[in-house]
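Ready to practise reading a protein structure? Work through the exercises below, and try each one yourself before you look at the solution.

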Amino acid sequence: AYRHTLSKLLEDAGYAVDFVGSEDSGGHYLGEEMDDNAGYPGITDDQLAVLLETGFSEKSGRRITVGPYLETFPADIVLLHIGTNHVEADPRDVERILDAIRDSGPHVYIVVARIINRYPHHQVTTVFNDNVEAMIGGRGDDRIIVVDMESGAGIDYYTDMDDDLHPNHLGYDKMAVAWFKALAPILSKPDFNKKATQ
């Protein structure tokens, strides 16, 4: 999806990053060292909350980790685009996800997407995004950042979609750019290493 383009943008900007997670995909684009991820096709936000809290995947019926997911696969930054599968207006499951991530460490940056919409436009997705953003604003956590994938990434829902729900390569490239713009200020902070490029 967007990880190949995002990895190139980060590399070209001089950032040394490593994707982490229990899943392996995209090795022919990213190389075996960079194909780790925590992307689960078709997962719903309530299923992801359970996975992060317990390490058990309700979607596949298998145990992924022996305890909370991020104890086995710790991360400094989490990119979260969740809710497109079985979207509903209520943000409570996303709040559970944020709680599980925050429980893994106070230092973790969480970049939460206003998720992409559908073709044709789906009003519930916009309401969900508004509710998630309001919930995040109420948390008062300056290490949770919202990135607008729905309308701010420049996705053309007529030309940049592979089907009614998933972007094509053009849409994923635009998502990568939006993620990169959100990540660059975080990665430039003193608590992250940057390769010498000067």
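## Exercise 1: a charged pair

In this predicted model, Arg114 and Asp148 form a salt bridge, with their closest N and O atoms 3.8 Å apart. Work out where the two partners sit and how accessible they are.

**Solution.** Start with the cut-off: a salt bridge needs a side-chain nitrogen of Lys or Arg within 4 Å of a carboxyl oxygen of Asp or Glu, and 3.8 Å passes. Next, find the partners: Arg114 is in strand β6 and Asp148 in strand β7, so the pair links distant parts of the chain, 34 residues apart. Now check accessibility, where buried means under 20%. Arg114 has 11% relative accessibility, so it counts as buried. Asp148, at 25%, counts as partly exposed. Finally, look around: Arg114, Asp130, Glu133, Asp148 and Glu150 are linked in a network of salt bridges.

## Exercise 2: the strand β6

Which residues of β6 point one way, and which the other?

**Solution.** Begin with the general pattern: in a regular strand, side chains alternate between the two faces of the sheet. Then go along β6: Tyr109, Val111 and Ala113 point one way, while Ile110, Val112 and Arg114 point the other way. Six of the six residues are buried, so β6 is largely enclosed by the rest of the structure. Last, look at a partner: β5 pairs with β6 in the parallel sense over four bridges, and Leu79 stands opposite Val111.

## Exercise 3: an arginine without a salt bridge

Arg118 is buried yet has no salt bridge. Find out what surrounds it.

**Solution.** First place it: Arg118 is in the loop between β6 and α6. Then try the nearest side chain of opposite charge, which is Asp164, 5.1 Å away. The cut-off is 4 Å, so a salt bridge is ruled out. Now look for another polar partner: a polar atom of the Arg118 side chain lies 2.6 Å from the backbone oxygen of Thr84. Beyond its neighbours within four places in sequence, Arg118 has contacts that include Val87, Thr125, Tyr157 and Leu165.

## Exercise 4: checking a helix

Helix α7 covers residues 169–187. What span should it have, and does the model agree or disagree?

**Solution.** Take 1.5 Å a residue: the 19 residues should span 27 Å. The end C-alpha atoms are 25 Å apart, which agrees. At the N-terminal end, Asn168 acts as a cap, with a side-chain oxygen 2.9 Å from the backbone nitrogen of Leu170. To finish, see what the buried residues of α7 pack against: α1, β5, β6 and β7.

Methods:
Residues are numbered from 1 along each chain as its sequence is written. This is a predicted model: local features need pLDDT of at least 70, side-chain atom pairs count only at pLDDT 80 or more; totals for chains, interfaces and linings use all residues. Side-chain values use heavy atoms; hydrogens and water are left out. Helices (H or I, at least four residues) and strands (E, at least two) are DSSP runs, numbered from the N terminus. Buried means under 20% relative accessible area, exposed over 50%, partly exposed in between (1.4 Å probe, protein chains only). Lys and Arg count as positive and Asp and Glu as negative; His and the chain ends are not counted. A polar contact is a pair of N or O atoms within 3.5 Å; within protein, one must be able to donate a hydrogen and the other to accept it, and residues adjacent in sequence count only if both atoms are side-chain atoms. Contact means heavy atoms within 4.5 Å. The expected span of a helix is 1.5 Å times one less than its number of residues. Two strands pair if DSSP finds at least two bridges between them.
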